[in-house]
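The following exercises concern a single structure. Each task is followed by a solution that proceeds step by step.

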Amino acid sequence: MAEPVDGIRTFILLGRAEDALRRTLEGLLDPWVLAQLAILGLILAISLVVGPRLEARLEGRVRAIQGQPRLLRFLALLLRRTRWILATLLAWLAVFVIRAATLDTRSALLELAAALVASWVAISVLSRLIRNRTLGRLAAYAAWAFVALNLIGAADEAADGLDAAALTFGSLRISLLLLLKGGLVIGLALWIATGLGNLVENRLGRATDLTPSLRVLLGKLFKIGIVVLAGVVAVASLGIDLTAFTVFSGALGVGIGFGLQQVVSNFVSGIIILADKSIKPGDTISLGDTFGWIRSLRARFVSVVTRDGVEYLIPNEDFITNRVVSWSFSDTKIRVDVRFGVAYDSDPHAVRRLAVEAAKSVPRVEAQPVPVCHLTAFGESSLDFILRFWICDPQNGLTNVRGAVLLACWDAFKAAGIAIPFPHREIIMKTPVELSRPGPASRIET
């Protein structure tokens with residue numbers, strides 16, 4: 001009964017096409033093999049017809065689940081594979097019936113098909129843990145191929161064939177089997193290390209007893225360390241001598257010295273920024289023409305968000321070599337100045353009092369230190385004043401709070417009858433002597 005399976009294995013792995021085809025055709029002539037193929041065709045037809053209808057009925061019940069997003073996502077993944085789950089159940093039911101009615105060996109094809117479909121359902125669901133869909137599909141195909149070879153019993157032959165295709169560089173032998181195993185082991189190790197690093201980084205991010213800069217620094221160092229350790233352990237587990245990478249390490253050093261200077265400089269600058277705590281997430285800073293608050297610190301750049309919603313990715317090196325204005329380095333309180341002028345017939349003492357009261361009425365203005373207003377100059381057309389007040393949330397903007405204070409001053413001055421002057425100019429027009437008699441010059445005031 002296992003002759004069809006053996007024939008397929010021989011055809012795929014050993015390349016003996018004629019012998020494999022003969023053994024496969026001989027096995028297919030067995031009545032029980034034909035019966036199993038017919039049962040498989042019937043199961044496939046039932047699954048394709050009944051599966052979508054069953055999925056539509058179950059979808060409403062799944063959507064009714066509230067407050068359990070993980071369970072809902074898992075059930076949704078199973079729901080999209082209803083037809084294959086149904087095919088697996090029907091195949092195992094057929095195997096149970098055949099075994100109860102006749103010999104166990106007369107259900108080999110059904111068992112193989114049920115195991116292959118069941119393994120694909122399980123692997124496709126587990127592969128969704130990988131966020132990158134392309135990598136998830138590749139991992140699912142590779143895992144299913146490995147399981148299928150083991151179910152057929154051809155894993156050893158496949159491994160020998162892949163190991164035979166190899167290239168030798170001195171003492172280093174690289175085969176297709178080593179490349180596949182290396183890709184699988186290294187990928188799995190890096191995936192686990194990255195997940196563990198993100199978990200520790202998130203836990204450190206919630207540690208209130210640590211400063212924001214120290215949280216980011218510890219998280220980055222742990223993540224980099226665990227990834228490097230995972231890569232070394234994975235390479236060593238493959239039996240590769242790490243001294244074989246000496247030449248590669250030297251070439252990498254030369255490459256860093258010539259072509260990756262900026263990358264390494266930004267990386268080192270990021271470590272320095274985190275170590276000296278010069279900036280941290282949430283700080284309000286000005287760098288050149290960019291004013292905003294820091295959203296996150298990365299290995300290569302700093303994410304700065306401005307008031308208009310634009311996010312700038314500024315290299316770490318710029319925060320080391322350029323002048324940075326931090327509005328919240330040691331204290332979030334900053335002083336804001338507003339300049340204005342009033343008419344000369346206004347009482348400057350009343351102007352100062354009204355301006356201070358107007359500033360206090362704005363919600364964002366701090367009560368301590370108290371706002372102050374000073375007469376600064378006797379201007380050409382006005383008495384010039386400066387109003388100074390403090391705020392503790394510069395990340396919410398400066399122009400808007402200045403505008404709010406000026407509007408409050410306008411309302412207060414208007415209610416008190418204090419005018420905001422505009423410039424006065426005198427234009428003296430002299431009539432030419434040769435065209436008219438001498439007389440007083442005319443004057444126009446504006």
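**Exercise 1: a helix residue and its surroundings**

Val-263 is partly exposed, its relative accessible area being 45%. The model is a predicted one.

Task: Locate Val-263 in the secondary structure, and justify its exposure class.

Solution. Step 1: Val-263 belongs to helix α12, which covers residues 261-276. Step 2: partly exposed is the class between under 20% (buried) and over 50% (exposed), and the 45% of Val-263 therefore places it there. Step 3: in space, the C-alpha atoms of Val-263 and Arg-300 are 7.0 Å apart, although 37 residues separate the two in sequence.

**Exercise 2: the sheet**

Task: Determine which strands stand at the edges of the open sheet of 5 strands.

Solution. Step 1: the strand order is β6-β5-β4-β3-β7, and the pairing is antiparallel. Step 2: β6 (311-315) and β7 (325-326) each have a single partner strand, so one side of each lacks a neighbour in the sheet and these two are the edges. Step 3: within the sheet, β4 (residues 290-297) and β5 (residues 301-306) are joined by 5 bridges; Trp-293 has Val-305 of β5 as its bridge partner.

**Exercise 3: the largest pocket**

Task: Describe the lining of the largest pocket, whose volume is about 1,600 Å³.

Solution. Step 1: 38 residues line the pocket, with Ile-130, Ala-139, Leu-184, Gly-187 and Leu-188 nearest its centre. Step 2: α6 (108-126), α7 (133-152), α8 (155-164) and α9 (176-205) each give two or more residues to this lining. Step 3: α9 provides the largest share, 17 residues. Step 4: by class, the lining comprises 27 nonpolar, 9 polar and 2 charged residues.

Notes: Residues are numbered from 1 along each chain as its sequence is written. This is a predicted model: local features need pLDDT of at least 70, side-chain atom pairs count only at pLDDT 80 or more; totals for chains, interfaces and linings use all residues. Side-chain values use heavy atoms; hydrogens and water are left out. Helices (H or I, at least four residues) and strands (E, at least two) are DSSP runs, numbered from the N terminus. Buried means under 20% relative accessible area, exposed over 50%, partly exposed in between (1.4 Å probe, protein chains only). Two strands pair if DSSP finds at least two bridges between them. On a 1 Å grid over the protein atoms alone, a cavity is a set of points where a 1.4 Å probe fits but cannot get out, and a pocket is an open set with protein on both sides within 12 Å along at least five of seven lines; lining residues have an atom within 4 Å of a point. Ala, Val, Leu, Ile, Met, Phe, Trp, Tyr, Cys and Pro count as nonpolar, Asp, Glu, Lys and Arg as charged, and the others, Gly among them, as polar.
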